[in-house]
Amino acid sequence: MNFKLPAVEKVKTNISNKKKILLLSDDLRMSSGVGTMSREIVMGTLDTFDWVQLGGAINHPEQGKVVDMNESMRKETGIEDACLKIYPINGYGNQDLLREIMGIEKPDAILHYTDPRFWGWLYAMEHEVRQQVPIFYYNIWDDLPYPRWNEPFYESCDLIMNISKQTHNIVQNVCQHKERTDWDSTYVPHGINEKYFYPVKNEKEILEMNKMKSELFNGQDIEFCLFFNNRNIRRKMTSDTILAFKEFADNLPEKKRKKTAFVLHTQPIDENGTDLPAVVQELCPDLNIIFSTNKLSNQHLNYLYNIADVTINLASNEGFGLGTCESLMCGTPIVVNVTGGLQDQCGFKLRGEHLTYRDYGAIESLHDWRKWENNKELTWGEWAKPVWPRSRALMGSPPTPYIFDDRCDWIDAAEAIKHFYDMGKEQREECGFKGHEFVCGDESMMSARWMCKNFTDHMNTAFDKWTPRKRYEIYEVK
(Lines give C-alpha, C1' and ligand atoms only; values in the text may rest on other atoms or scores of the structure.)
Protein backbone atom coordinates (compact mmCIF):
# COMPACT_ATOMS: atom_id res chain seq x y z
CA MET A 1 0.00 0.00 0.00
CA ASN A 2 1.35 3.39 -0.95
CA PHE A 3 0.42 5.89 1.74
CA LYS A 4 1.15 9.50 0.91
CA LEU A 5 1.04 11.90 3.82
CA PRO A 6 -0.55 15.27 3.19
CA ALA A 7 1.67 18.34 3.15
CA VAL A 8 2.51 19.38 6.70
CA GLU A 9 2.63 23.08 7.51
CA LYS A 10 5.36 24.34 9.79
CA VAL A 11 3.99 25.10 13.23
CA LYS A 12 5.48 26.21 16.49
CA THR A 13 6.49 23.16 18.45
CA ASN A 14 5.92 22.84 22.15
CA ILE A 15 9.04 21.64 23.90
CA SER A 16 7.97 18.73 26.08
CA ASN A 17 9.92 16.56 28.47
CA LYS A 18 7.36 13.81 28.08
CA LYS A 19 8.21 10.65 26.16
CA LYS A 20 6.32 10.25 22.89
CA ILE A 21 4.69 6.86 22.21
CA LEU A 22 3.69 5.71 18.72
CA LEU A 23 0.65 3.45 19.13
CA LEU A 24 -0.17 0.86 16.46
CA SER A 25 -3.72 -0.50 16.93
CA ASP A 26 -7.38 0.01 16.00
CA ASP A 27 -8.26 3.69 15.71
CA LEU A 28 -9.02 4.73 19.30
CA ARG A 29 -12.16 6.51 18.10
CA MET A 30 -13.61 3.18 16.94
CA SER A 31 -15.93 1.01 19.05
CA SER A 32 -14.01 -2.28 18.76
CA GLY A 33 -12.60 -3.77 21.94
CA VAL A 34 -9.06 -2.90 20.84
CA GLY A 35 -10.16 0.64 19.92
CA THR A 36 -11.95 1.10 23.26
CA MET A 37 -8.96 -0.05 25.30
CA SER A 38 -6.55 2.00 23.15
CA ARG A 39 -8.59 5.07 24.05
CA GLU A 40 -8.55 4.24 27.77
CA ILE A 41 -4.77 3.72 27.74
CA VAL A 42 -4.08 6.96 25.90
CA MET A 43 -6.61 9.05 27.84
CA GLY A 44 -5.33 7.76 31.16
CA THR A 45 -1.67 8.50 30.44
CA LEU A 46 -1.77 11.84 28.59
CA ASP A 47 -0.37 13.52 31.69
CA THR A 48 2.78 11.39 31.39
CA PHE A 49 3.21 10.65 27.67
CA ASP A 50 2.59 12.33 24.32
CA TRP A 51 0.82 10.03 21.87
CA VAL A 52 0.77 9.47 18.12
CA GLN A 53 -1.39 6.71 16.68
CA LEU A 54 -1.46 4.82 13.41
CA GLY A 55 -5.20 4.23 13.76
CA GLY A 56 -6.22 1.13 11.83
CA ALA A 57 -9.62 0.20 10.41
CA ILE A 58 -11.08 -1.74 7.51
CA ASN A 59 -11.55 0.76 4.66
CA HIS A 60 -10.89 3.71 6.98
CA PRO A 61 -13.01 6.70 5.86
CA GLU A 62 -10.24 9.14 6.84
CA GLN A 63 -7.37 7.26 5.18
CA GLY A 64 -4.59 9.72 4.29
CA LYS A 65 -5.60 12.45 6.73
CA VAL A 66 -3.80 13.63 9.85
CA VAL A 67 -6.10 14.29 12.82
CA ASP A 68 -4.87 16.64 15.54
CA MET A 69 -6.70 15.73 18.77
CA ASN A 70 -4.80 18.10 21.09
CA GLU A 71 -7.57 20.64 21.69
CA SER A 72 -10.31 18.08 22.25
CA MET A 73 -8.12 16.03 24.58
CA ARG A 74 -7.18 19.09 26.62
CA LYS A 75 -10.83 20.05 27.02
CA GLU A 76 -11.88 16.51 27.93
CA THR A 77 -9.06 15.72 30.36
CA GLY A 78 -8.11 19.14 31.71
CA ILE A 79 -4.46 18.33 30.95
CA GLU A 80 -3.08 21.56 29.51
CA ASP A 81 -0.25 19.97 27.53
CA ALA A 82 -2.11 16.82 26.37
CA CYS A 83 -0.85 15.79 22.92
CA LEU A 84 -2.50 13.24 20.62
CA LYS A 85 -2.29 12.92 16.85
CA ILE A 86 -3.92 10.19 14.73
CA TYR A 87 -2.88 9.01 11.28
CA PRO A 88 -5.93 7.01 10.05
CA ILE A 89 -4.99 4.02 7.85
CA ASN A 90 -6.50 0.97 6.18
CA GLY A 91 -5.36 -2.12 8.05
CA TYR A 92 -2.46 -1.77 10.46
CA GLY A 93 0.28 -0.25 8.29
CA ASN A 94 3.49 -1.33 6.59
CA GLN A 95 7.25 -0.80 6.83
CA ASP A 96 7.47 2.21 4.50
CA LEU A 97 4.71 4.01 6.35
CA LEU A 98 6.30 3.32 9.72
CA ARG A 99 9.66 4.67 8.55
CA GLU A 100 7.93 7.82 7.29
CA ILE A 101 5.97 8.38 10.50
CA MET A 102 9.06 7.76 12.65
CA GLY A 103 10.96 10.32 10.59
CA ILE A 104 8.24 12.92 11.13
CA GLU A 105 7.19 12.20 14.72
CA LYS A 106 10.45 10.86 16.19
CA PRO A 107 8.79 8.72 18.88
CA ASP A 108 10.62 7.40 21.92
CA ALA A 109 8.92 4.00 21.71
CA ILE A 110 6.48 1.95 19.64
CA LEU A 111 3.55 0.26 21.38
CA HIS A 112 1.54 -2.26 19.35
CA TYR A 113 -1.55 -4.10 20.44
CA THR A 114 -3.58 -7.18 19.34
CA ASP A 115 -2.81 -10.57 17.73
CA PRO A 116 0.88 -10.96 16.70
CA ARG A 117 -0.20 -12.31 13.29
CA PHE A 118 -1.06 -8.75 12.27
CA TRP A 119 2.47 -7.52 12.96
CA GLY A 120 4.67 -9.73 10.79
CA TRP A 121 5.88 -6.69 8.85
CA LEU A 122 6.89 -4.95 12.11
CA TYR A 123 8.77 -7.96 13.48
CA ALA A 124 10.58 -8.33 10.13
CA MET A 125 12.17 -4.90 10.73
CA GLU A 126 12.63 -5.15 14.50
CA HIS A 127 16.44 -5.01 14.31
CA GLU A 128 16.23 -1.75 12.36
CA VAL A 129 13.61 -0.24 14.70
CA ARG A 130 15.20 -1.31 17.97
CA GLN A 131 18.46 0.43 17.11
CA GLN A 132 16.42 3.64 17.51
CA VAL A 133 13.56 2.94 19.94
CA PRO A 134 12.20 0.05 22.03
CA ILE A 135 9.18 -1.99 20.93
CA PHE A 136 6.45 -2.48 23.54
CA TYR A 137 3.61 -4.98 23.10
CA TYR A 138 0.21 -5.24 24.81
CA ASN A 139 -0.26 -8.95 24.36
CA ILE A 140 -2.99 -11.57 24.55
CA TRP A 141 -3.09 -15.24 23.70
CA ASP A 142 -6.30 -17.10 24.40
CA ASP A 143 -5.33 -20.68 25.13
CA LEU A 144 -2.88 -23.56 25.24
CA PRO A 145 -0.95 -25.53 24.01
CA TYR A 146 1.98 -23.13 24.20
CA PRO A 147 2.19 -21.28 20.84
CA ARG A 148 5.85 -21.99 20.08
CA TRP A 149 5.62 -20.22 16.71
CA ASN A 150 5.14 -16.94 18.61
CA GLU A 151 8.61 -17.15 20.16
CA PRO A 152 10.37 -14.89 17.59
CA PHE A 153 7.52 -12.38 17.89
CA TYR A 154 7.77 -12.21 21.67
CA GLU A 155 11.55 -12.02 21.58
CA SER A 156 11.35 -9.06 19.18
CA CYS A 157 9.74 -6.99 21.95
CA ASP A 158 11.55 -5.10 24.68
CA LEU A 159 8.49 -5.04 26.95
CA ILE A 160 5.46 -7.36 26.85
CA MET A 161 2.44 -6.39 28.96
CA ASN A 162 0.07 -9.36 29.18
CA ILE A 163 -3.71 -9.02 29.49
CA SER A 164 -4.29 -12.26 31.42
CA LYS A 165 -2.38 -14.35 33.93
CA GLN A 166 -2.51 -17.32 31.59
CA THR A 167 -1.04 -15.19 28.77
CA HIS A 168 1.72 -14.04 31.13
CA ASN A 169 2.59 -17.67 31.83
CA ILE A 170 2.44 -18.52 28.11
CA VAL A 171 5.05 -15.86 27.31
CA GLN A 172 7.33 -17.10 30.09
CA ASN A 173 7.19 -20.64 28.72
CA VAL A 174 7.39 -19.83 25.02
CA CYS A 175 10.46 -17.58 25.34
CA GLN A 176 13.29 -20.11 25.60
CA HIS A 177 16.16 -18.32 23.87
CA LYS A 178 15.57 -15.03 25.64
CA GLU A 179 14.11 -15.62 29.08
CA ARG A 180 11.80 -12.87 30.26
CA THR A 181 12.46 -10.94 33.47
CA ASP A 182 10.10 -9.45 36.03
CA TRP A 183 10.26 -6.08 34.25
CA ASP A 184 10.08 -6.99 30.55
CA SER A 185 7.09 -9.35 30.82
CA THR A 186 4.34 -8.14 33.15
CA TYR A 187 0.64 -8.54 33.96
CA VAL A 188 -1.62 -5.64 32.90
CA PRO A 189 -5.28 -6.70 32.65
CA HIS A 190 -7.82 -4.59 30.80
CA GLY A 191 -9.19 -1.79 32.96
CA ILE A 192 -12.82 -0.61 33.00
CA ASN A 193 -13.51 3.08 33.49
CA GLU A 194 -15.46 3.65 36.71
CA LYS A 195 -16.62 6.98 35.31
CA TYR A 196 -18.73 5.21 32.66
CA PHE A 197 -19.64 1.89 34.30
CA TYR A 198 -21.01 1.79 37.85
CA PRO A 199 -24.05 0.69 39.90
CA VAL A 200 -26.83 3.23 39.23
CA LYS A 201 -27.95 4.86 42.51
CA ASN A 202 -28.76 8.44 41.48
CA GLU A 203 -32.55 9.10 41.50
CA LYS A 204 -32.55 10.94 38.18
CA GLU A 205 -30.57 8.14 36.53
CA ILE A 206 -32.86 5.52 38.04
CA LEU A 207 -35.86 7.27 36.44
CA GLU A 208 -34.08 7.38 33.06
CA MET A 209 -33.04 3.74 33.40
CA ASN A 210 -36.57 2.61 34.31
CA LYS A 211 -37.91 4.42 31.25
CA MET A 212 -35.33 2.61 29.10
CA LYS A 213 -36.29 -0.69 30.79
CA SER A 214 -39.98 -0.17 30.04
CA GLU A 215 -39.24 0.56 26.38
CA LEU A 216 -36.85 -2.40 26.14
CA PHE A 217 -39.42 -4.86 27.49
CA ASN A 218 -42.36 -3.18 25.77
CA GLY A 219 -44.08 -2.59 29.11
CA GLN A 220 -43.92 -6.25 30.19
CA ASP A 221 -43.31 -7.10 33.84
CA ILE A 222 -39.88 -8.75 33.59
CA GLU A 223 -38.47 -10.04 36.88
CA PHE A 224 -35.23 -11.61 35.60
CA CYS A 225 -33.06 -10.48 32.67
CA LEU A 226 -30.07 -12.29 31.18
CA PHE A 227 -27.70 -10.10 29.13
CA PHE A 228 -25.24 -10.86 26.30
CA ASN A 229 -22.89 -8.16 24.97
CA ASN A 230 -20.61 -9.57 22.28
CA ARG A 231 -20.19 -9.81 18.54
CA ASN A 232 -22.26 -12.41 16.71
CA ILE A 233 -19.25 -14.47 15.61
CA ARG A 234 -18.69 -18.20 15.86
CA ARG A 235 -16.28 -18.32 18.80
CA LYS A 236 -18.71 -16.31 20.96
CA MET A 237 -21.08 -19.32 20.86
CA THR A 238 -24.13 -17.04 20.66
CA SER A 239 -26.54 -19.77 19.59
CA ASP A 240 -25.45 -21.86 22.59
CA THR A 241 -26.28 -18.98 24.94
CA ILE A 242 -29.78 -18.92 23.42
CA LEU A 243 -30.04 -22.68 24.00
CA ALA A 244 -28.88 -22.18 27.60
CA PHE A 245 -31.58 -19.55 28.17
CA LYS A 246 -34.19 -21.83 26.59
CA GLU A 247 -33.16 -24.74 28.83
CA PHE A 248 -33.32 -22.49 31.89
CA ALA A 249 -36.68 -20.92 30.99
CA ASP A 250 -38.33 -24.21 29.94
CA ASN A 251 -37.85 -25.53 33.47
CA LEU A 252 -39.72 -22.62 35.07
CA PRO A 253 -43.46 -22.52 35.80
CA GLU A 254 -45.38 -20.82 32.98
CA LYS A 255 -46.03 -17.60 34.95
CA LYS A 256 -42.38 -17.25 35.93
CA ARG A 257 -41.25 -18.13 32.42
CA LYS A 258 -43.14 -15.18 30.96
CA LYS A 259 -41.36 -12.85 33.38
CA THR A 260 -37.87 -13.73 32.17
CA ALA A 261 -36.06 -12.13 29.23
CA PHE A 262 -32.78 -12.48 27.34
CA VAL A 263 -31.32 -9.28 25.84
CA LEU A 264 -28.58 -9.67 23.23
CA HIS A 265 -26.67 -6.49 22.37
CA THR A 266 -25.30 -7.71 19.04
CA GLN A 267 -25.95 -7.76 15.32
CA PRO A 268 -28.68 -10.39 14.80
CA ILE A 269 -27.20 -11.48 11.45
CA ASP A 270 -23.46 -11.62 10.77
CA GLU A 271 -21.55 -13.52 8.07
CA ASN A 272 -18.94 -14.41 10.71
CA GLY A 273 -21.66 -15.78 12.96
CA THR A 274 -25.18 -16.81 12.07
CA ASP A 275 -28.80 -15.72 11.60
CA LEU A 276 -29.90 -15.46 15.23
CA PRO A 277 -33.57 -14.53 14.57
CA ALA A 278 -33.84 -17.78 12.56
CA VAL A 279 -32.38 -19.68 15.54
CA VAL A 280 -34.92 -18.06 17.87
CA GLN A 281 -37.84 -18.64 15.49
CA GLU A 282 -37.08 -22.34 15.23
CA LEU A 283 -36.06 -23.17 18.79
CA CYS A 284 -37.79 -20.75 21.16
CA PRO A 285 -40.27 -18.40 19.41
CA ASP A 286 -42.37 -18.08 22.57
CA LEU A 287 -39.57 -16.74 24.79
CA ASN A 288 -38.78 -13.06 25.49
CA ILE A 289 -35.60 -12.76 23.42
CA ILE A 290 -34.75 -9.17 22.53
CA PHE A 291 -32.06 -7.88 20.18
CA SER A 292 -30.47 -4.54 21.04
CA THR A 293 -28.98 -3.40 17.72
CA ASN A 294 -28.43 0.36 18.06
CA LYS A 295 -25.03 1.76 18.93
CA LEU A 296 -25.27 2.87 22.56
CA SER A 297 -23.57 5.63 24.49
CA ASN A 298 -21.62 4.58 27.57
CA GLN A 299 -24.49 5.92 29.66
CA HIS A 300 -27.11 3.74 28.01
CA LEU A 301 -24.85 0.69 27.95
CA ASN A 302 -24.32 1.25 31.67
CA TYR A 303 -28.11 1.27 32.10
CA LEU A 304 -28.36 -2.05 30.23
CA TYR A 305 -25.84 -3.69 32.54
CA ASN A 306 -27.76 -2.35 35.53
CA ILE A 307 -31.11 -3.52 34.14
CA ALA A 308 -29.69 -7.02 33.68
CA ASP A 309 -29.60 -9.52 36.53
CA VAL A 310 -26.79 -11.63 35.04
CA THR A 311 -24.38 -11.21 32.09
CA ILE A 312 -23.26 -14.33 30.20
CA ASN A 313 -20.22 -15.18 28.04
CA LEU A 314 -19.73 -18.77 26.83
CA ALA A 315 -17.07 -17.94 24.20
CA SER A 316 -14.95 -20.95 23.25
CA ASN A 317 -11.88 -18.68 23.05
CA GLU A 318 -11.69 -15.37 24.88
CA GLY A 319 -8.60 -13.29 25.46
CA PHE A 320 -10.22 -11.17 28.16
CA GLY A 321 -13.97 -10.54 27.84
CA LEU A 322 -14.69 -6.82 28.19
CA GLY A 323 -18.47 -7.25 28.46
CA THR A 324 -18.44 -9.37 31.60
CA CYS A 325 -15.82 -7.14 33.26
CA GLU A 326 -17.95 -4.06 32.48
CA SER A 327 -20.89 -5.96 33.96
CA LEU A 328 -19.01 -6.55 37.20
CA MET A 329 -18.03 -2.88 37.34
CA CYS A 330 -21.78 -2.15 37.20
CA GLY A 331 -22.47 -4.61 40.02
CA THR A 332 -24.08 -7.33 37.88
CA PRO A 333 -22.97 -10.98 38.36
CA ILE A 334 -21.59 -13.08 35.52
CA VAL A 335 -21.82 -16.60 34.06
CA VAL A 336 -18.65 -17.41 32.09
CA ASN A 337 -16.82 -20.23 30.40
CA VAL A 338 -13.61 -21.22 32.17
CA THR A 339 -11.28 -20.17 29.38
CA GLY A 340 -8.66 -17.51 28.60
CA GLY A 341 -8.92 -14.19 30.40
CA LEU A 342 -12.42 -14.96 31.70
CA GLN A 343 -10.68 -17.02 34.39
CA ASP A 344 -9.20 -13.86 35.92
CA GLN A 345 -12.66 -12.30 36.33
CA CYS A 346 -13.84 -15.23 38.45
CA GLY A 347 -11.37 -14.39 41.21
CA PHE A 348 -10.12 -17.96 41.42
CA LYS A 349 -8.18 -18.92 44.53
CA LEU A 350 -6.13 -22.07 45.04
CA ARG A 351 -5.84 -23.11 48.67
CA GLY A 352 -7.07 -19.67 49.71
CA GLU A 353 -4.57 -17.66 47.62
CA HIS A 354 -5.35 -15.74 44.42
CA LEU A 355 -3.83 -17.47 41.41
CA THR A 356 -0.74 -15.85 39.84
CA TYR A 357 0.89 -16.47 36.47
CA ARG A 358 3.38 -18.69 38.29
CA ASP A 359 0.49 -20.93 39.39
CA TYR A 360 -0.54 -21.22 35.75
CA GLY A 361 3.02 -22.34 35.06
CA ALA A 362 2.33 -25.35 37.29
CA ILE A 363 -1.31 -26.10 36.45
CA GLU A 364 -1.24 -24.63 32.87
CA SER A 365 -4.99 -23.92 32.89
CA LEU A 366 -8.20 -24.57 34.80
CA HIS A 367 -9.99 -25.76 31.66
CA ASP A 368 -10.03 -29.47 32.56
CA TRP A 369 -13.33 -30.01 34.39
CA ARG A 370 -12.22 -33.46 35.58
CA LYS A 371 -9.45 -31.86 37.64
CA TRP A 372 -11.02 -28.61 38.75
CA GLU A 373 -14.81 -28.46 38.70
CA ASN A 374 -15.22 -30.25 42.04
CA ASN A 375 -11.75 -29.64 43.42
CA LYS A 376 -12.25 -28.42 47.01
CA GLU A 377 -8.95 -26.51 46.94
CA LEU A 378 -10.26 -24.21 44.17
CA THR A 379 -12.71 -21.43 45.04
CA TRP A 380 -14.04 -18.36 43.25
CA GLY A 381 -15.93 -15.16 43.91
CA GLU A 382 -19.65 -15.11 44.68
CA TRP A 383 -20.14 -12.73 41.74
CA ALA A 384 -19.24 -15.43 39.18
CA LYS A 385 -20.62 -18.81 38.25
CA PRO A 386 -17.96 -20.56 36.15
CA VAL A 387 -19.04 -23.15 33.58
CA TRP A 388 -16.35 -25.71 32.77
CA PRO A 389 -15.93 -26.70 29.10
CA ARG A 390 -17.04 -30.27 28.51
CA SER A 391 -15.48 -30.50 25.04
CA ARG A 392 -12.01 -29.34 24.05
CA ALA A 393 -11.06 -29.54 20.38
CA LEU A 394 -7.58 -28.83 19.04
CA MET A 395 -8.18 -26.35 16.23
CA GLY A 396 -5.68 -24.62 13.97
CA SER A 397 -4.66 -23.00 10.71
CA PRO A 398 -1.32 -22.65 8.87
CA PRO A 399 -0.42 -19.40 10.72
CA THR A 400 -1.62 -20.76 14.09
CA PRO A 401 -1.22 -24.55 13.90
CA TYR A 402 -2.91 -25.43 17.17
CA ILE A 403 -5.08 -23.91 19.88
CA PHE A 404 -7.69 -25.45 22.15
CA ASP A 405 -11.31 -24.54 21.46
CA ASP A 406 -13.18 -24.84 24.79
CA ARG A 407 -16.89 -25.55 24.51
CA CYS A 408 -19.42 -25.60 27.32
CA ASP A 409 -22.54 -27.75 27.50
CA TRP A 410 -25.48 -25.34 27.32
CA ILE A 411 -27.32 -27.42 29.95
CA ASP A 412 -24.49 -26.69 32.41
CA ALA A 413 -24.81 -23.01 31.47
CA ALA A 414 -28.56 -23.16 32.10
CA GLU A 415 -27.89 -24.50 35.59
CA ALA A 416 -25.47 -21.61 36.18
CA ILE A 417 -28.17 -19.10 35.15
CA LYS A 418 -30.61 -20.82 37.53
CA HIS A 419 -28.03 -20.55 40.32
CA PHE A 420 -28.41 -16.76 40.27
CA TYR A 421 -32.14 -16.85 39.52
CA ASP A 422 -32.90 -19.00 42.58
CA MET A 423 -31.03 -16.78 45.03
CA GLY A 424 -33.40 -13.84 44.47
CA LYS A 425 -32.81 -10.20 43.60
CA GLU A 426 -31.44 -9.01 46.94
CA GLN A 427 -28.79 -11.74 47.17
CA ARG A 428 -27.88 -11.28 43.49
CA GLU A 429 -27.27 -7.59 44.16
CA GLU A 430 -25.02 -8.50 47.10
CA CYS A 431 -23.02 -10.85 44.87
CA GLY A 432 -22.83 -8.17 42.18
CA PHE A 433 -21.60 -5.57 44.66
CA LYS A 434 -18.78 -7.92 45.70
CA GLY A 435 -17.90 -8.27 42.02
CA HIS A 436 -17.83 -4.48 41.71
CA GLU A 437 -15.46 -4.25 44.68
CA PHE A 438 -13.28 -7.00 43.16
CA VAL A 439 -12.75 -5.33 39.76
CA CYS A 440 -12.20 -1.93 41.43
CA GLY A 441 -9.69 -3.33 43.88
CA ASP A 442 -5.92 -3.59 44.08
CA GLU A 443 -5.88 -7.39 43.78
CA SER A 444 -7.57 -7.65 40.37
CA MET A 445 -6.24 -4.33 38.91
CA MET A 446 -9.18 -4.31 36.44
CA SER A 447 -10.09 -0.63 36.73
CA ALA A 448 -8.91 1.88 34.12
CA ARG A 449 -6.94 3.80 36.75
CA TRP A 450 -4.98 0.64 37.63
CA MET A 451 -4.41 -0.24 33.98
CA CYS A 452 -3.06 3.22 33.19
CA LYS A 453 -0.89 3.27 36.31
CA ASN A 454 0.59 -0.09 35.31
CA PHE A 455 1.21 1.09 31.75
CA THR A 456 2.98 4.18 33.06
CA ASP A 457 5.10 2.32 35.60
CA HIS A 458 6.08 -0.56 33.30
CA MET A 459 6.91 1.63 30.29
CA ASN A 460 8.98 4.00 32.44
CA THR A 461 10.87 1.02 33.86
CA ALA A 462 11.46 -0.26 30.33
CA PHE A 463 12.80 3.15 29.25
CA ASP A 464 15.25 3.04 32.15
CA LYS A 465 16.46 -0.50 31.43
CA TRP A 466 16.31 -0.63 27.63
CA THR A 467 19.50 -0.72 25.61
CA PRO A 468 19.43 -0.20 21.82
CA ARG A 469 20.34 -3.06 19.54
CA LYS A 470 23.71 -2.79 17.82
CA ARG A 471 23.80 -2.08 14.11
CA TYR A 472 25.00 -5.60 13.44
CA GLU A 473 25.79 -8.69 15.48
CA ILE A 474 28.47 -11.32 14.92
CA TYR A 475 27.60 -14.97 15.47
CA GLU A 476 30.08 -17.81 15.73
CA VAL A 477 29.45 -20.50 13.12
CA LYS A 478 29.97 -23.95 14.57
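The legends below describe close-up views of a predicted model.

**View A. The salt bridge between Glu194 and Arg449 joins a loop to helix 19**. The side chains of Glu194 and Arg449 meet with a N to O distance of 2.8 Å. Glu194 belongs to the loop between strand 8 (185-187) and helix 8 (203-216), whereas Arg449 is part of helix 19 (residues 448-465), so the pair ties together parts that are 255 residues apart in sequence. Glu194 is partly exposed, its relative accessible area being 30%. Arg449 is likewise partly exposed, with a value of 46%.

**View B. Helix 19 carries a series of buried residues**. The helix has 18 residues. From its first C-alpha to its last it reaches 26 Å, close to the 26 Å expected at 1.5 Å a residue. Its buried residues include Ala448, Trp450, Met451 and Cys452. Further along helix 19, Phe455, His458, Met459 and Phe463 are also among the buried residues.

**View C. Arg390 and Glu373 form a salt bridge between two loops**. The closest N and O atoms of this pair are 3.2 Å apart. Arg390 is located in the loop between strand 17 (384-387) and strand 18 (391-395), and Glu373 in the loop between helix 16 (369-372) and strand 16 (378-379); the pair therefore ties together parts that are 17 residues apart in sequence. Arg390 is partly exposed, at a relative accessible area of 31%. For Glu373, also partly exposed, the relative accessible area is 22%.

**View D. Arg180 and Asp184 form a buried salt bridge**. The closest N and O atoms of Arg180 and Asp184 lie 3.4 Å apart. Both Arg180 and Asp184 are buried, whereas Glu194 of View A is partly exposed.

**View E. Salt bridges link five residues into a network**. The participants are Lys246, Asp250, Glu254, Arg257 and Asp286. Side chains of opposite charge can pair when their charged atoms come close. In total, the structure holds 38 salt bridges.

**View F. Three strands form an open antiparallel sheet**. The strand order is 15-14-16. Strand 15 (353-354) and strand 16 stand at the edges with a single partner strand each, so one side of each is left without a neighbour in the sheet. Strand 14 (residues 349-350) pairs with strand 15 in the antiparallel sense over 2 bridges. Within this pairing, His354 in strand 15 is the bridge partner of Lys349. Strands of a sheet pair through backbone hydrogen bonds, either parallel or antiparallel.

Key. Residues are numbered from 1 along each chain as its sequence is written. This is a predicted model: local features need pLDDT of at least 70, side-chain atom pairs count only at pLDDT 80 or more; totals for chains, interfaces and linings use all residues. Side-chain values use heavy atoms; hydrogens and water are left out. A salt bridge is a side-chain nitrogen of Lys or Arg within 4 Å of a carboxyl oxygen of Asp or Glu. Buried means under 20% relative accessible area, exposed over 50%, partly exposed in between (1.4 Å probe, protein chains only). Helices (H or I, at least four residues) and strands (E, at least two) are DSSP runs, numbered from the N terminus. The expected span of a helix is 1.5 Å times one less than its number of residues. Two strands pair if DSSP finds at least two bridges between them.
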